[in-house]
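Please read the following account with the structure in view. It proceeds from the overall architecture to individual elements and residues.

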Amino acid sequence: MFADLGAALASFGMPALAIVGFTIVVRLALHPLYRAAVRGEKAKAKLAPEIQKLQKKYGKDLVRMSEESQKVYKRNGVSMFAGMLPMLATVPFFMVIYQVVTTPNPLLEGTLFGVSLGTHFTSGFAWVFFVLFGLLAAVAYVTVRWQQAQMTSTPTPGFMTGLIKVLPFGTILVAAYLPLAAGLYLLTTTTWTIAERALLYRILS
């Protein structure tokens, strides 16, 4: 199935652009789910002051803290998992894209600036990978700055603060391990993600 999908994309004549275009089409199809996720996240953010008061009141009593937090969310008609379930629903779609850009198929026979889309960074250290890593680093930096800005209105555990600063840069390591096609997909989808979330946070009430 993945080879057939890869062959279909390769038939467009420009495999690199086909990867970008296919990723964008999938992200557009998933937009309603991301919209629901952001609405849920913003609803939880509005309750952040109440949750912070509970944290101060019950301290290390995690059981009581959890019980009281559930009451707050239930009273306001907000799920504790708001923003998470829609995101989980998108996983199968991304697994398909991942398989297409990593499973041998005609799509990987295409090239990007003369470098095969099936090439791995460690197999030749092609210059295009360094450009890719630089762009991924730039997107990761913007993502970290945006996430840190959001933390000012939402209580965030200390360990999460550290993860937020590091995780976005993990795409560079992934791109160094997978074929160039996968790196192109990562660049497209991470750029879309931060742009989409920033826009939704701005326009949704």
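The paragraphs below treat the overall fold, one helix, one pocket and two loop residues.

The model is predicted. The protein contains 10 helices and two strands, and along the sequence these elements are arranged as α-α-α-α-α-α-β-β-α-α-α-α. Taken along the principal axes, the C-alpha atoms fill a box of roughly 60 × 30 × 30 Å. Of the 205 residues in the protein, 38% are buried.

Helix α2 merits separate attention. The helix comprises 32 residues, namely residues 15–46, and at 1.5 Å a residue it should span 46 Å; the C-alpha atoms at its ends are 44 Å apart, which agrees with that expectation. The helix nevertheless has a kink of about 50° at Leu30, and this kink lies shortly before the proline Pro32.

The loop that joins α1 (2–10) to α2 includes Ser11. With a relative accessible area of 60%, Ser11 is exposed, because that value is over the 50% cut-off. Between the C-alpha atoms of Ser11 and Glu41, which are 30 residues apart along the chain, the separation is 40 Å.

The second largest pocket comes next. This pocket holds about 160 Å³ of space. Its lining consists of 13 residues, and those nearest its centre are Leu112, Phe113, Leu135, Leu184 and Leu187. Helix α2 contributes here as well: α2, α7 (127–150) and α10 (180–203) each supply at least two residues of the lining. The most is given by α7, with five residues. In terms of residue class, the lining has 13 nonpolar residues and no polar or charged ones.

Where does the second largest pocket lie with respect to domain 1 and domain 2? Domain 1 covers residues 1–109 and domain 2 covers residues 112–204; both give residues to the lining, so the pocket lies between them.

One of the residues nearest the centre of this pocket, Phe113, also deserves a closer look. Phe113 is situated in the loop between β1 (111–112) and β2 (115–116). Its phi is near 55°, which is a positive value in a residue other than glycine. Is Phe113 buried or exposed? Its relative accessibility is 62%, and Phe113 therefore counts as exposed, the cut-off being over 50%. Phe113 is thus a residue that lines the second largest pocket and also counts as exposed.

Conventions:
Residues numbered from 1 in each chain as written. Predicted model: local features only at pLDDT ≥ 70, side-chain atom pairs only at ≥ 80, totals over all residues. Heavy atoms only, no water. Helix = DSSP H or I, 4+ residues; strand = E, 2+ residues; numbered from the N terminus. Expected span 1.5 Å × (residues − 1). Bend = angle between axes of the 7 residues up to and from the residue. 1 Å grid on protein atoms, 1.4 Å probe; cavity = no way out; pocket = protein on both sides within 12 Å on 5 of 7 lines; lining within 4 Å. Points joined across faces, edges and corners; volume = space filled by probe spheres on them. Nonpolar A, V, L, I, M, F, W, Y, C, P; charged D, E, K, R; others polar. Domains from an automatic or database assignment. Buried < 20%, exposed > 50% of the residue type's maximum accessible area, 1.4 Å probe, protein only.
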